[in-house]
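Have the structure open in a viewer with the selection tool ready. The stops below say what to pick and what is found there.

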Amino acid sequence: MKIPFVSFEKMHTELQEQIEKKFLEIYRNNHFIMGRELEKFEQEFAEFCGVKYGVGCGTGLDALYLILRAMGIGKGDEVIIPSNTFIATALAVSYTGAIPILVEPYEDTYTINPNLIEEKITKKTKAIIAVHLYGRIADMDKICSIAQKYGLKVIEDAAQAHGASYKGKRAGSFGDAAGFSFYPGKNLGALGDAGMVVTNDIELAKKVRMLGNYGSEKKYIHLYQGTNSRLDELQAAFLRIKLQELEKWNQERNRIAEKYLSSIHNSWIKLPVKGDKECYCIWHVFVLYCEKRDDLKEYLNNYGIETNIHYPIPIHLQKAYESLDFVKGDFPLTEKLAKGVISIPMYYGLKEEEIEYIINVINSYKK
């Protein structure tokens, strides 16, 4: 049996007629940038997140960068981020001229450990970026409490958390602003790159929109040195269609996750933590931990099960960040996770026999 790590076939087959109809509508209207579809999607996605304003942009990375710029964060400032995350979180900080300050994660949830944040705060610290990694909300109660204590901004990197919630609040509604990615592989994915900023701050939303539109609110009048980062009409329209299905897709991911959690029994493999009843994880990826990760990956590949690794090289050991002068051993838990995590298939459309096959193959693994 061959099982891909991810497949869009089922969701796109079900939506094909709607997608094609909407494409032709926009194609014939000849309005492709900053039109009605974008306006509607911004409203609908902001409402979905439980906030007032949404501003479409080009990518999830752009969303974080634009938030930081709109907050006035730049050269000489510091922004606290998790050491265990995709490099885009750090890049957004670096693009402003500020310095990313890395903090180790919790060992069980892999999200930033708030208990280690305060020791990293200096007079230069301006914000904390909390990453809702793998579809799980970070420990926002503690993070927001620390931020309030020190007068810091809180930004949610919600690129992997569309619809995730904690205590009834959805990702995007905890901090001062949040950045989402609609990369095709996300739970809510476009048919290309796309992103969005959501916030309850109308002035921040206005500035983000201007910064993403060449620093302009009115054509040829530029208040800021902005950039070009806009969510186009086609992607907005496709995402509006997909948003109607997102809860169904997330529920299916939860069903698959429950199956994995209750049926995978192998002493060599550590399963992800489910979380308490107030935590609703949307399982962007389902991550196992195994000390012999590379051996497990090869084993699964030999049985036709495609896997992925999130993320094999930590930010502090990437050549791109050698200027921060980190060395191996500076973030031991992050390095441990980088050596041991492996993601198995998790998507809407995974067949029951495929789920059973994956479980049986994993349970038969011996180190």
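Select Y166 and K169 together: K169, in β7, is the bridge partner of Y166. The model is a predicted one, so what follows describes a prediction.

Now widen the selection to residues 165-166, which make up strand β6. Strands β6 and β7 pair in the antiparallel sense, over 2 bridges. Add β12 to see the open sheet of 3 strands, ordered β7-β6-β12 with antiparallel pairing. Which strands are at the edges? They are β7 (169-170) and β12 (279-280), each of which pairs on one side only.

Next, go to helix α2, residues 36-49. How far apart should its ends be? At 1.5 Å a residue, the 14 residues should span 20 Å, and the end C-alpha atoms of α2 are indeed 20 Å apart, so the two agree.

Keep α2 on screen and colour E37, L38, F41, E42, F45, A46, F48 and C49, which are buried. These residues cover an arc of only 155° around the axis, which means that they sit on the same side of α2. An α-helix has 3.6 residues a turn, so residues three or four places apart point the same way.

Step just past α2 to G50, where phi is positive, at about 85°.

For the last stop, show the surface and select F23, L24, Y27, F32, I33 and M34. Together they form a nonpolar patch with about 530 Å² of accessible area. One of them, Y27, lies in helix α1, residues 9-29.

Methods:
Residues numbered from 1 in each chain as written. Predicted model: local features only at pLDDT ≥ 70, side-chain atom pairs only at ≥ 80, totals over all residues. Heavy atoms only, no water. Helix = DSSP H or I, 4+ residues; strand = E, 2+ residues; numbered from the N terminus. Expected span 1.5 Å × (residues − 1). Buried < 20%, exposed > 50% of the residue type's maximum accessible area, 1.4 Å probe, protein only. Arc of directions from axis to C-beta. Patch = residues over 30% accessible without salt bridge, like charges linked within 9 Å, V, L, I, M, F, W, Y side chains within 5 Å. Areas by Shrake-Rupley, 256 points an atom, 1.4 Å probe, with all protein chains shown as cover. Salt bridge = Lys/Arg side-chain N within 4 Å of Asp/Glu carboxyl O. Pairing = 2+ DSSP bridges.
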